[in-house]
Amino acid sequence: RRSGSGHMKMQGAGEKELEVSGRLDAFVAQLKRGSGRLNSEETARKTVELLRGICAQSRWSNAEELMEIIRKEGRRMTAAQPSETTVGNMVRRVLKIIREEYSRLCGCSEENDQQESLHKLLTAGGLSEDFNKHFAPLKGNVMEAINELLTELEGTLDNIAMQALEHIHSNEVIMTIGRSRTVQVFLEKAACRRKFHVIVAECAPFCQGHEMAVALSKVGIETTVITDAAIFAVMSRVNKVIIGTKTILANGALRAVTGTHALALAAKHHSTPLIVCAPMYKLSPQFPNEEDSFHKCVSPQEVLPFAEGEILARVSVQCPVFDYVPPELITLFIFNIGGNAPSYIYRLMSELYHPDDHDL
């Protein structure tokens, strides 16, 4: 009877493993097709849920094996859509969780590690920690920490929006560009108590600014849409620029929608504060010169339609999706944990990710 129940357990575990790998394949396929249907928050949550499934269902006996499995799947997910940095960031967060839980079970806390880290760098010849010991409670602790991470992800937008009233005052003129869900929620929250005017740059050629303007006007915010070319002309009347971003890089720079760099330069020229609303999962330990995933180009048909066959035959048209905005143009980042200057990003990076995980 015992061997029968053992066989059933094995079968159940095998089925669950298959189910997780099926969900993983579906997610990778969705990323490959272009994650236009998923926003960053959903991508982050889905990644963490899948990693939680992998931790629970796959077979491993120590932290080293688990980290290897997570790295392998992480590489597969990030390769599916390199421009979607959120996936890689969440994989690194989970790897950091495993490291922390393991070192806690070993009896050495992470805080002491951080204080001694500079000393270690100078004295140790690149000694890496050994993760081969087997601890029975490791699985439960890791699962609990991953669940905490999921809870944190759920409250992200609300925590950013709660800070809106500290930054937006009555009768201000605020400028934004394109459509960012985080900025939209931030402005809507402020509109509950304050009256202000929003100017939205349309963010050609995709003109997501039009959708943003409609969404804002529905909740009673006075909104004006302008073309991207008019940004500089209007900037002298603007009190604050509030934007979202796709990724925050390791040096505190942004990878944001095309047109953001021009907006940031105009704001700098007029000494207008530039505030970036972004959740913590957009912090990425990459530098702008590191990889090609920074540049993502799409079909230029919005700019030069295929009807213009004669011209298209003679020219090569690039239509980049993202702009690089250097950190010196940014005044403040508003995260779900509070506001920080761009110079503080390196500190947040060291808290969220382990240096050994920067390359998966």
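**Figure 1. His167, a buried histidine.** In this predicted model, His167 has a relative accessible area of 14%, so the residue counts as buried, the cut-off being under 20%. Follow the backbone here and you will find His167 in helix α8, which covers residues 164–167.

**Figure 2. The surroundings of His167.** Which residues is His167 in contact with, once its neighbours within four places in sequence are left aside? The partners are Glu172, Phe186, Lys240, Ile275, Leu332 and Ile334. It is handy to keep this list beside the view of the buried histidine side chain.

**Figure 3. Two cysteines, Cys55 and Cys192.** Is Cys55 buried or exposed? Its relative accessibility is 0%, so Cys55 counts as buried. Cys192 is exposed, because its relative accessible area of 63% lies over the 50% cut-off. If you are wondering about disulfides, the count for this model comes to zero, taking a pair of cysteine sulfur atoms within 2.5 Å as the rule.

**Figure 4. The chain around the close-ups.** To place these views, step back to the whole chain, which has 14 helices and ten strands. How many of its 360 residues count as buried? The share is 47%, and His167 and Cys55 are among the buried residues. Among contacts with a separation of 6 or more, 80% are between residues 24 or more positions apart.

**Figure 5. The accessible surface.** For the chain, the accessible surface comes to about 18200 Å². Carbon and sulfur atoms account for 52% of that surface.

Conventions
Residues numbered from 1 in each chain as written. Predicted model: local features only at pLDDT ≥ 70, side-chain atom pairs only at ≥ 80, totals over all residues. Heavy atoms only, no water. Helix = DSSP H or I, 4+ residues; strand = E, 2+ residues; numbered from the N terminus. Buried < 20%, exposed > 50% of the residue type's maximum accessible area, 1.4 Å probe, protein only. Contact = heavy atoms within 4.5 Å. Areas by Shrake-Rupley, 256 points an atom, 1.4 Å probe, with all protein chains shown as cover.
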